Amino acid sequence: MGIRQRFVPLATAVALTGGLAVTAAAPAEAAHTAASGGTYLYFDKNWKNPSNSRLYLVKSIPNAKDKVLAKYRAGSGNGGRNGTNECAGMQGWLPDGTYRVLGHTTHKAGGPKGINGYAIQVQDMLCKNHHTKRTALFVHSEMKPDGTQDKPKPGHDNPYRWDGTNDYYSLGCIKLTPAHIKDLFAKAAHHGWPKRLKVVK
């Protein structure tokens with residue numbers, strides 16, 4: 001199901017976040033999810049191009065449709081033969097489901113070729129075969145532990161620098177550009193940090 005079918009249009013204003021247009025209403029499946037309000041992340045998978053999926057920051061509105069606060073291009077999976085197989089460890093995108101957000105940091109130090117800088121960790125999740133558990137799952141980008149960009153390495157991918165659209169590919173995590181993950185952190189700090197991530201196909 002495409003994203004347009006999951007949104008209920010409103011006559012309210014459309015916001016711009018990171019150069020992307022954002023509608024004012026949240027996905028229909030996500031409406032009425034939290035009577036007490038709060039925010040959550042919502043990852044909408046793009047089967048035709050997983051590296052061009054969408055991550056939303058959404059606010060729960062009691063007794064009304066939930067509201068999108070921000071929308072970003074995002075990728076998950078390595079783009080290969082198993083890139084859309086949620087049970088393929090270190091290859092496929094995240095399994096569908098609702099994840100607890102375990103924490104966030106702006107200075108993660110993942111070591112050589114690891115996850116560094118701005119990162120949001122979510123819980124481990126069993127995939128649809130009910131046997132394979134996907135672990136070490138994050139929303140992250142490519143940067144140095146202090147959140148800055150490393151120098152380019154012509155002819156080589158630099159894991160500490162966003163080199164282009166190929167960097168949306170991952171070993172299963174959700175990836176954003178450095179500018180977008182920093183914008184997400186700023187908006188989450190302003191509106192309240194999400195406690196859940198919803199992943200849907």
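**Exercise 1. The largest pocket**

Give the volume of the largest pocket in this predicted model, and describe its lining by residue class and by strand.

Solution.
Step 1. The volume of the largest pocket is about 540 Å³.
Step 2. Its lining is made up of 27 residues, and Ile115, His140, Ser170, Leu171 and Cys173 are the ones nearest the centre.
Step 3. By class, the lining residues are 10 nonpolar, 10 polar and 7 charged.
Step 4. Two strands, β9 (133-134) and β10, each supply at least two residues of the lining. The largest share is that of β10, with 3 residues.
Step 5. Cys173, one of the residues nearest the pocket centre, has a relative accessibility of 8% and therefore counts as buried.

**Exercise 2. The nonpolar cores**

Identify the residues with the most contacts inside the largest nonpolar core, and state which elements supply this core.

Solution.
Step 1. The largest nonpolar core holds 25 residues. Those with the most contacts inside it are Leu55, Tyr99, Ile174, Leu176, Leu184 and Leu197.
Step 2. At least two core residues come from each of these strands: β3 (39-44), β4 (53-59), β5 (67-76), β6 (97-109), β7 (116-122), β10 (137-140) and β12 (196-200). Helix α2 (178-191) also supplies at least two.
Step 3. The element that gives the most is β5, with 4 residues.
Step 4. Take Leu176 as a worked case. Leaving aside residues up to four places away in sequence, leucine 176 touches Leu55, Tyr72, Arg73, Ala74, Val139, His140, Ser141, Trp162, Tyr168, Ile181 and Leu184. Leu55 and Leu184 in this list are themselves among the residues with the most contacts inside the core.
Step 5. A second core, separate from the one above, has 5 residues, including Tyr40, Tyr42, Val58 and Val68.
Step 6. As background, nonpolar side chains in soluble globular proteins tend to be buried together.

**Exercise 3. The disulfide**

Locate the disulfide, give its geometry, and decide whether cysteine 87 and cysteine 127 are buried or exposed.

Solution.
Step 1. The count is 1 disulfide. Cysteine 87 and cysteine 127 form it, with their sulfur atoms 2.0 Å apart, which is within the 2.5 Å cut-off.
Step 2. The angle about the S-S bond is 105 degrees, and the link is right-handed.
Step 3. Cysteine 87 sits in the loop between β5 and β6, and cysteine 127 in the loop between β8 (125-126) and β9. The two are 40 residues apart, so the pair links distant parts of the chain.
Step 4. Buried means under 20% relative accessible area. Cysteine 87 has 18% and therefore counts as buried; cysteine 127, with 2%, is buried as well.

**Exercise 4. The loop between β5 and β6**

Compare asparagine 82 and methionine 90, which lie in this loop, by burial.

Solution.
Step 1. Asparagine 82 has a relative accessible area of 18% and is buried. Beyond residues up to four places away in sequence, asparagine 82 touches Ala88, Gln91 and Gly92.
Step 2. Methionine 90 has 54% relative accessibility and counts as exposed, since the cut-off for exposed is over 50%.
Step 3. Methionine 90 also has a positive phi, about 60 degrees, although it is not a glycine. Most residues other than glycine have a negative phi.
Step 4. A further case is alanine 136, in the loop between β9 and β10. Its phi is also positive, about 55 degrees, and alanine 136 is partly exposed at 45%.

**Exercise 5. Threonine 106 and the whole chain**

Which residues does threonine 106 touch, and what is the overall pattern of helices and strands?

Solution.
Step 1. Threonine 106 lies in strand β6 and, at 28% relative accessibility, counts as partly exposed.
Step 2. Not counting residues up to four places away in sequence, threonine 106 touches Gly117, Tyr118, Pro145, Asp146, Gly147 and Phe185.
Step 3. Proline 145 is 39 residues from threonine 106 along the chain, yet their C-alpha atoms are separated by 7.8 Å.
Step 4. The chain has 2 helices and 12 strands, in the order α-β-β-β-β-β-β-β-β-β-β-β-α-β.
Step 5. Of its 201 residues, 45% count as buried. Among contacts between residues at least 6 apart in sequence, 57% join residues at least 24 apart.

Key:
Residues are numbered from 1 along each chain as its sequence is written. This is a predicted model: local features need pLDDT of at least 70, side-chain atom pairs count only at pLDDT 80 or more; totals for chains, interfaces and linings use all residues. Side-chain values use heavy atoms; hydrogens and water are left out. A nonpolar core is a set of buried Ala, Val, Leu, Ile, Met, Phe, Trp, Tyr and Cys residues joined through side-chain atoms within 4.5 Å. Buried means under 20% relative accessible area, exposed over 50%, partly exposed in between (1.4 Å probe, protein chains only). Contact means heavy atoms within 4.5 Å. On a 1 Å grid over the protein atoms alone, a cavity is a set of points where a 1.4 Å probe fits but cannot get out, and a pocket is an open set with protein on both sides within 12 Å along at least five of seven lines; lining residues have an atom within 4 Å of a point. Grid points are joined across faces, edges and corners, and a volume is the space filled by probe spheres set on the points. Ala, Val, Leu, Ile, Met, Phe, Trp, Tyr, Cys and Pro count as nonpolar, Asp, Glu, Lys and Arg as charged, and the others, Gly among them, as polar.
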